[in-house]
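Work through the exercises below with the model open beside you. Try each task before reading its solution.

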Amino acid sequence: MSPLPVTTAAPGTVVDPVAGPATVLSMSIGSVPLSDALAWTAIGAFVVAAVIQWYGATDPARYLAAGAWVVFGVFWLTLAPHYYLEVKSPIETLLTVAALPLCAYTGYLLATGRESLLLLSKAVAFMGLIYLPVETIPVVRTWLIETTAAQTHFGMELLGHSPGLEEGANGYQSRFAFDPDETVTGRTTYIITACTGIGSMAIFGGLIAAVKAPLKRKAVAFPLAVGVIWFLNLVRNVFIGLASPWGWFQQDIFVTIATEFMGAPADRTSYIVAHNFIAQSLSIVALLGITYLVLRILPEILEPLEDVLYILTGTEYDLADALGQEMRTDGGARTDAGASANHDSGPSVDGDDDADR
C-alpha cells in the first residue's frame, strides 16, 4: 500500500524513515498508483466473497476469493523493488517476493475445495478495511503520523534527548530535528504510516473480527493486542530514532556489511542495523508473543492460523495440541475431566456455535 513521499531535510541533514512501507510505484491506473489499485481490488473482492458466503453461496465465494488471493500476491510483488533498492531490507524483500507464489497457492487450494480458507480470506478482508482507509484518507493518516511522532519524541525525552519535531516537505510534523553537526552520523529519521503500528494492529484486528466468538472475549482481545503493539512500536521507534543519528552501530564490521554487501552509504549503517536487522527480527518475536496472548483469550483464531501453516508447509497441524493443552472457546484450558462429554463447567470447541452468543 502506497506510503508518504520521502521527506526532504534541511541542508546537511540526511533522513531515513523509521520504517519502510510500500513505495508509490511509477506505474499507475489513471491517477491511482498500481499498488493502491491492486490492494483495493483484492480487498474489495475478499469483502464481496465474504458477503456471498454469508448468503450461503459457498462455491462462488471460493472462486472469487481464489482470484482475490492472486491479485493480492501480485500487489505484494510490486513492492519488492522498493524494499530491495530503497529500504534495503532483506527480510521484507524476501517476504514480498514469496507472497505471490504463496497467495497463488492459497487461491488454488480455495478453488479446488479447501473451504476453510474462506475464514482466512475474511480475516484479510477485515485487515484491509482497517488499514486501507488509514493509508488513503489524508486527515486520518496525518493524525496517526503526527501523534506517533509526538509520542516517540516524548520517549526520546525520557532518555535525555529532545531534538524537537520539524515539518518535512510532505507536510507532516514527523521529522526529528537533530543537529547534524552535533550527532555522529549527521542523519535523522522521520515517522511515516508504517511507523504507527497500524499494519500489525490491522492483522490482529482482522483475525479477531473474522472468527466466530462471543463479543465480550473479542472486546478483551482487541484492546490487549492493540495496546501491546502500540507500546512496543513506540519503543522500536525511539530505538531506531536514536541509533541512527548517534551511530550506535557504526562499528567496522557493520559498516563493511552495509557498504560492501548492501551498497548503502557508510553513515547509514546504524539505521540499517537498528531497523532492518534488530528491530525487524525482534518484531517477529513480539508478534509471536502477542499471538500467544490473544490465543489465551480467543483460541478461535487457531483455525485461520492452522490454515496459514498448511499453506506454508503442506501439513495439517493441531495448534491447540502443539501448545501443550486443549483450549476451550471460553479462553480456559481444559483438563482431562473437562474434555469428557458429561463435564459441564464450560462449552467445548465443537459446541461454540451455541455458546455465549
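This is a predicted model, in which local features need pLDDT of at least 70 and side-chain atom pairs count only at pLDDT 80 or more, while totals for chains, interfaces and linings use all residues. Residues are numbered from 1 along each chain as its sequence is written, and side-chain values use heavy atoms, with hydrogens and water left out.

**Exercise 1. The whole chain**

Task: State how many helices and strands the protein chain has, and what share of its residues counts as buried.

Solution.
- Step 1. Count the elements. The protein chain has twelve helices and eight strands. Both are DSSP runs, numbered from the N terminus: helices are H or I with at least four residues, strands are E with at least two.
- Step 2. Take the cover. Of 357 residues, 48% count as buried. Buried means under 20% relative accessible area, exposed means over 50%, and partly exposed lies in between (1.4 Å probe, protein chains only).
- Step 3. Take the surface. The accessible surface is about 16600 Å², and 65% of it belongs to carbon and sulfur atoms. Areas come from the Shrake-Rupley method with a 1.4 Å probe; for residues, only the protein chains shown count as cover.
- Step 4. Check the contacts (heavy atoms within 4.5 Å). Among those between residues at least 6 apart in sequence, 69% join residues at least 24 apart.

**Exercise 2. The cores**

Task: Find the residues with the most contacts inside the largest nonpolar core, and name the helices that supply at least two residues of this core.

Solution.
- Step 1. Fix the term. A nonpolar core is a set of buried Ala, Val, Leu, Ile, Met, Phe, Trp, Tyr and Cys residues joined through side-chain atoms within 4.5 Å.
- Step 2. Find the centre of contacts. The largest core has 33 residues, and F46, W69, F72 and L110 have the most contacts inside it.
- Step 3. Name the suppliers. At least two residues each come from α1 (34-54), α2 (58-77), α4 (90-111), α5 (117-136), α7 (198-210) and α11 (302-313).
- Step 4. Look around F46. Beyond four places in sequence, F46 touches A65, A68, W69, F72, S121, V124 and A125.
- Step 5. Look elsewhere. Another core, of 22 residues, lies apart from the largest one; M201, I208, A210 and I290 are among its members.

**Exercise 3. Helices α5 and α2**

Task: Compare the span of α5 with the expected value, then list what L64 contacts.

Solution.
- Step 1. Take the span. The 20 residues of α5 reach 28 Å from first C-alpha to last, close to the 28 Å expected at 1.5 Å a residue. The expected span is 1.5 Å times one less than the number of residues.
- Step 2. Take the cover. In α5, 14 of the 20 residues are buried.
- Step 3. Move to L64. This residue lies in α2 and is partly exposed, because its relative accessibility is 30%.
- Step 4. List the partners. Outside four places in sequence, L64 contacts A45, V48, A49 and I52. L64 and I52 are twelve residues apart in sequence and 9.3 Å apart in space, C-alpha to C-alpha.
- Step 5. Recall the helix geometry. An α-helix has 3.6 residues a turn, so residues three or four places apart point the same way.

**Exercise 4. Salt bridges**

Task: Describe the bridges E316 to R114, E166 to R175 and D267 to R187.

Solution.
- Step 1. Apply the rule: a side-chain nitrogen of Lys or Arg within 4 Å of a carboxyl oxygen of Asp or Glu. The count comes to six salt bridges.
- Step 2. Take E316 and R114. Their closest N and O atoms are 2.9 Å apart. E316 sits in the loop between α11 and α12 (319-322) and R114 in the loop between α4 and α5, 202 residues apart. E316 is exposed at 51%, whereas R114 is buried at 17%. R114, D307 and E316 form a network of salt bridges.
- Step 3. Take E166 and R175. The closest N and O atoms are 2.3 Å apart. E166 is partly exposed at 34%; R175 is buried at 4%.
- Step 4. Take D267 and R187. The closest N and O atoms are 3.0 Å apart. D267 lies in the loop between α9 (252-261) and α10 (269-297) and R187 in strand β6 (residues 187-190), so the pair ties together parts 80 residues apart in sequence.
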